[in-house]
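Thanks for coming. I will take a few minutes to walk through one small example. Please have a look at the sequence and the model first.

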Amino acid sequence: SEHRAQQDPISHEVRGSMYAFIEGIVEHKSSGELVINAGGVGYLLLCSQSTLSAAPPRGEFTRVYTHL
């Protein structure tokens with residue numbers, strides 16, 4: 001089943017960013033970091049503890065909203 005790490009719609013604050021969100025399979029979770037496999041590319045995301053807590057375990061699908 002599909003899991004969303006954050007439920008918020010895309011806000012005006014992220015519209016100027018290169019990536020509004022990244023979705024894919026969780027490859028790794030550690031303190032402050034999340035690696036998402038999206039189309040064969042592993043994106044290392046620096047995350048808050050609340051985002052990490054909401055993210056599913058390794059091997060499951062997620063969508064993470066971003067800001068740069």
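Before the hairpins, one term: two strands count as paired here if DSSP finds at least two bridges between them. Please also keep in mind that this is a predicted model.

With that term in hand, take the start of the fold. Strand 1 and strand 2 form a hairpin, and two residues lie between them. In that turn, Gly32 has a positive phi of about 80°. Strand 1 covers residues 21–30 and strand 2 covers residues 33–38; the two run antiparallel and are joined by five bridges. As one example of who faces whom, Ile25 stands opposite Asn37 in strand 2.

The next pair is strand 2 with strand 3, residues 41–46. They also run antiparallel, with six bridges joining them. Glu33 has Leu46 in strand 3 as its bridge partner. Again there is a hairpin with two residues between the strands, and Gly39 in the turn has a positive phi of about 65°.

Now the whole protein. How many helices and strands are there? The count is one helix and four strands, and along the sequence the order is β-β-β-α-β. As for contacts between residues at least 6 apart in sequence, 54% join residues that are at least 24 apart.

On to the inside. The protein has 68 residues, and 31% of them count as buried. Which residues make up the largest nonpolar core? There are ten: Ile22, Val26, Leu34, Ile36, Ala38, Leu45, Cys47, Leu52, Ala55 and Val64. Strand 1 and strand 2 are the elements that give two or more residues to this core. Strand 2 supplies the largest share, three residues.

Ile36 is one of the core residues, and its contacts are worth a look. Leaving aside residues up to four places away in sequence, Ile36 touches a list that includes Ile22, Val26, Val41, Tyr43, Leu45 and Thr62.

Finally, the outside. The accessible surface comes to about 4500 Å², and carbon and sulfur atoms account for 52% of that. Met18, Tyr19 and Leu68 make a nonpolar surface patch of about 400 Å². Where does Leu68 sit? It is in the segment after strand 4, which spans 61–65. Is Leu68 buried or exposed? Leu68 counts as exposed because its relative accessible area is 78%, and the cut-off for exposed is over 50%.

That is the end of my part.

Notes
Residues numbered from 1 in each chain as written. Predicted model: local features only at pLDDT ≥ 70, side-chain atom pairs only at ≥ 80, totals over all residues. Heavy atoms only, no water. Buried < 20%, exposed > 50% of the residue type's maximum accessible area, 1.4 Å probe, protein only. Contact = heavy atoms within 4.5 Å. Areas by Shrake-Rupley, 256 points an atom, 1.4 Å probe, with all protein chains shown as cover. Patch = residues over 30% accessible without salt bridge, like charges linked within 9 Å, V, L, I, M, F, W, Y side chains within 5 Å. Salt bridge = Lys/Arg side-chain N within 4 Å of Asp/Glu carboxyl O. Core = buried A, V, L, I, M, F, W, Y, C linked by side-chain atoms within 4.5 Å.
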